[in-house]
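Please open the model in a viewer and keep the sequence panel visible. The tour below proceeds by selection, each stop stating what to pick and what is found there.

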Amino acid sequence: MKPAEEYILNQPEPFKSMLLHLQILIEGAFPTVDLRYKWRIPVYYLDDKPFCYLNASHKKGFVDVAFWVSAHLTKYTEFLVTENRKVVKSLRYFSVDDINEKILLTVLEEAHQLKDKGFYKRK
């Protein structure tokens, strides 16, 4: 078993259910993603470049799906959380029921289209 999969399966509820649901949605929409374990969290790569990562915050009770190309995202920005981060933005979920598949898949698709953009938005 991959370390990233082990990380997900070893999470307490409700984090485990949220992470498994997100994993199914991400891997179903992008069958070529590669799930790796980096920085002690699951990180998805596309074409050997970081695509998004999953982070469970036990202390604050949520799971984030965070994007490397956040500076370039334009769709559903009202749902993207920055909270004390300069560049990375994420979709944040407190329960499986919070996961809006349409919004998630739309933001993932836009991130995929922007995957060759840099981390920062240059003026």
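## A buried arginine

Begin by selecting R92, which has a relative accessibility of 18% and therefore counts as buried, the cut-off being under 20%. The model on screen is a predicted one.

Display next the side chain of E83. R92 forms a salt bridge with E83, and their closest N and O atoms are 3.2 Å apart. Which other side chain meets R92 in a salt bridge? Select D64: the side chains of D64 and R92 meet at 2.9 Å, N to O. Because D64 lies in strand β4 and R92 in strand β6, this pair ties together parts that are 28 residues apart in sequence. D64 and R92 are both buried.

## From E83 to K60

Keep E83 selected and add K60. The side chains of E83 and K60 meet in a salt bridge, with an N to O distance of 3.5 Å. The pair links distant parts of the chain: E83 is in the loop between β5 (80-81) and β6 (89-93), while K60 is in the loop between β3 (49-57) and β4 (62-67), 23 residues apart. Is E83 buried, partly exposed or exposed? With a relative accessibility of 36%, E83 counts as partly exposed.

The structure holds six salt bridges. To see a network of them, select K2, D34, R36 and D48, which are joined into one network by salt bridges that share partners.

## The whole chain

Clear the selection and show the chain as a cartoon. The chain contains three helices and six strands. Followed along the sequence, the pattern is α-α-β-β-β-β-β-β-α. The radius of gyration of the chain is 14 Å, close to the 14 Å that the globule rule gives for 123 residues, so the chain is as compact as a globular protein of that length. Along its principal axes, the C-alpha trace spans about 45 × 30 × 25 Å.

Switch to a surface display. The chain exposes about 7100 Å², of which carbon and sulfur atoms supply 51%. Of the 123 residues in the chain, 42% are buried. If charged residues are now coloured, the view holds 19 positive and 16 negative charges, whose mean positions are 10 Å apart. As for contacts within the chain, among those between residues at least 6 apart in sequence, 55% join residues at least 24 apart.

## Helix α2 and the loop before it

Select P14, in the loop between α1 (3-9) and α2. What kind of peptide bond joins E13 and P14? The bond is cis, with omega about 5°. Most peptide bonds are trans.

Move on to K16, which is placed in helix α2 (residues 15-29). K16 is partly exposed, at a relative accessible area of 26%. Leaving aside neighbours within four places in sequence, K16 is in contact with I8, L9 and Q11. Then add V96 and draw a distance between C-alpha atoms: K16 and V96 are 9.7 Å apart in space, although 80 residues apart in sequence.

## Two residues with positive phi

The last two stops concern backbone angles. Most residues other than glycine have a negative phi.

Select R40, in the loop between β1 (34-38) and β2 (41-46). R40 is not a glycine, yet its phi is positive, near 65°. At 68% relative accessibility, R40 counts as exposed.

Finish at Y76, in the loop between β4 and β5. Y76 is likewise not a glycine and has a positive phi of about 55°. How accessible is Y76? Its relative accessibility is 22%, and Y76 counts as partly exposed.

Which residues are in contact with Y76, leaving aside its neighbours within four places in sequence? Select K102, I103, T106 and V107 to display them. Lastly, add Y44 to the view: the C-alpha atoms of Y76 and Y44 are separated by 21 Å, and the two residues are 32 residues apart along the chain.

Note on methods: Residues numbered from 1 in each chain as written. Predicted model: local features only at pLDDT ≥ 70, side-chain atom pairs only at ≥ 80, totals over all residues. Heavy atoms only, no water. Helix = DSSP H or I, 4+ residues; strand = E, 2+ residues; numbered from the N terminus. Rg over C-alpha atoms; globule rule 2.2 N^0.38 Å. Buried < 20%, exposed > 50% of the residue type's maximum accessible area, 1.4 Å probe, protein only. Contact = heavy atoms within 4.5 Å. Areas by Shrake-Rupley, 256 points an atom, 1.4 Å probe, with all protein chains shown as cover. Lys, Arg positive; Asp, Glu negative; His and termini not counted. Charge placed at Lys NZ, Arg CZ, Asp CG, Glu CD. Salt bridge = Lys/Arg side-chain N within 4 Å of Asp/Glu carboxyl O.
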